[in-house]
Amino acid sequence: MKWQGKGVSEGLAMAQIHLFTPKLPEISRQPAADAEAEVAKLEATLAAAEEELRGLYETAKEKMGEQEAEIFDAHLTILGDEYSVREPIIQRIREQKQNAAAAITDQFDELAQMFRSLGDELMAERAADAEDLKQQLLRICLGCGRQDLSVLPGDVIVLAEELTPSDTVRMDTAHVKGIATRLGGATAHSAIIARTLGIPAAAGIDGWQTEALNGHMAILDGADGTLTVDPTDEETASYQSRKAQADCEAQALEAFRTCPSQTKDGAALEICANIGTPQEAQQAMKYGADGVGLFRSEFLFMDRDALPTEDEQFEAYRTAAETMAGKPLIIRTLDVGGDKKLPTLELPHEDNPFLGFRAIRMTLSHPEIFRPQLRAILRAAAYGDVRVMFPMIGSMDQLREAKALLREQEQTLQAEGVPTGPVKVGMMVEIPAAAVLAEEFAKEVDFFSIGTNDLTQYTLAVERGNAAVAHLYAPEHPAVLRLIAMTAQAAAERHIPCGMCGEAAGDPKLAPAFVGMGVNELSMSPRRVPPVRKLLSGLTMDECRQAAEKLLHP
Ligand code: PEP
Ligand code: MG
């Protein structure tokens, strides 16, 4: 028997199915005999849920890291929202005489429906959060025990409608070999957790109505999303050979987390990671990155009501620097404006935001935002090899102005007696003008980092992320590649490192050619580090040059 779903976390597993169908008793619609007793029950339920969520947050943080634990913070926020939760539920009890459980059910169903009606993916996740919270509150309110995945009979593939964040946190991960769900998708919380923990998972496994599946042997393929129940001998043999090969490949990759980054003939490279939060520096270290080639600082500024203070930024940069334990950490100054709005900053409407008031153009006009960031970076440099990088540099004046502001702040901090560290200064090469003038810019900076995402859009006049022109978006276009080669050559002539931190850096079809052009640091999502390091270690510099030549002059 074979079910086809969607692969959401790669890997192969064979184990017995463990059907997980936590059921709550029917909710009674009996009107509240004593409304105040029901309100008291509700208050007790909310308090107990809050305590439980705080516990789950700590467990999740310990097991999976701070970032994965944030979901429980989000639940706490929903739970603490007086206007959407506590007050309307009390109103339902007092005015409509609903009992506490019925009032909770109706209010959370309404909330989930409201999130769903907003129609985007993020809001659909909020709806799932509301559903998860409802279940949790009802369990507490009705005094039901919890069926969970913390104790399992052995190695299993969990088969469920959907796993909530709290289900996944409590899960005995040593014994869960695979996860198959009817609902969910690649961005569902359980899929994210499965990928973090390296557990194969498939979503959209539909059509199983029966309890009879429990305990049956099954094979789950998290890449193609199939679940094969009661596999034939042939299917089992095929699984075993594919699994052996996959294990072998995974083991081979394991060695590439720690070995030096170099070509086959020993040319030194740096394979680094891109991060967006200080916590992601842990991922960079886990996958053996040689450093952080790009810390997109704008993530610290978004999704909040007020700008982060200098001290808040300092803490974030220092945490990342300390996590990197002496390895380089390149912090890019704020790259917002244009289409990336800051809720705290009223920016004028622009018809062409990508050509507009963005990144360094915005920060140079807002020294009250730029200065604290530069100070925080300089202060964090006392705790590691922190470097600063300016985004969207298009003219020498911009670069010089940014550098002057940095030096001014360095002197101010020193005069104030605040500890700082030496900070190398680099720039993104992501506007064609910067690539064309790379020779001049190379005299003024300590390093380059090529941003292929923007360099491609500006060179080809193809908006990144615009589906209508996605087929024209091509970092491998010879025009883009020639600008990259010019930049790398200018860097080599001035003996400064040339990095690359756009998506293309981690593309196995292009990475060898970039190295052949003279790019000596490639920065990518942390997971890509071992496979790219492996790929490059198997090629000589000459082979990389040939790859470059082929693409530059097709
Ligand atoms: C780039 O443009 O390639 C880059 C790395 O910057 P971002 O994607 O953040 O614009
Ligand atoms: Mg960019």
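Into which domains is the chain divided? I looked that up before anything else, bearing in mind that this is a predicted model. The assignment gives me domain 1 (2-19 + 148-230), domain 2 (35-142) and domain 3 (265-552). So domain 1 is written as two stretches of the chain. I also checked a distance: the C-alpha centres of domain 2 and domain 3 are 41 Å apart.

**Cores**

Next I went looking for nonpolar cores. In soluble globular proteins, nonpolar side chains tend to be buried together. The largest core here holds 95 residues. Leu 329, Phe 390, Phe 448, Ile 484, Phe 514 and Leu 522 have the most contacts inside it. Helix 17 (residues 478-493) is the top contributor to this core, giving 8 residues.

I picked Phe 448 for a closer look. Which residues does Phe 448 touch, leaving aside neighbours within four places in sequence? My list has Met 427, Val 429, Ala 438, Phe 441, Ala 442, Thr 487, Ala 491, Ile 496, Pro 497, Cys 498 and Gly 499.

There's another core, apart from the largest one, with 36 residues. Ala 69, Leu 133, Cys 141 and Ile 193 are among them.

**Cavity**

Last, I hunted for enclosed empty space. How many cavities of 30 Å³ or more are there? I noted 1, and the largest cavity has a volume of about 50 Å³. It is lined by 12 residues, with Val 8, Thr 181, Ser 190, Ala 191 and Ala 201 closest to its centre. Strand 5 (176-181), helix 7 (189-197) and strand 6 (201-203) each supply at least two lining residues. I sorted the lining by type and got 8 nonpolar, 4 polar and no charged residues.

Conventions
Residues numbered from 1 in each chain as written. Chains lettered and ligands numbered in written order. Predicted model: local features only at pLDDT ≥ 70, side-chain atom pairs only at ≥ 80, totals over all residues. Heavy atoms only, no water. Core = buried A, V, L, I, M, F, W, Y, C linked by side-chain atoms within 4.5 Å. Buried < 20%, exposed > 50% of the residue type's maximum accessible area, 1.4 Å probe, protein only. Helix = DSSP H or I, 4+ residues; strand = E, 2+ residues; numbered from the N terminus. Contact = heavy atoms within 4.5 Å. Domains from an automatic or database assignment. 1 Å grid on protein atoms, 1.4 Å probe; cavity = no way out; pocket = protein on both sides within 12 Å on 5 of 7 lines; lining within 4 Å. Points joined across faces, edges and corners; volume = space filled by probe spheres on them. Nonpolar A, V, L, I, M, F, W, Y, C, P; charged D, E, K, R; others polar.
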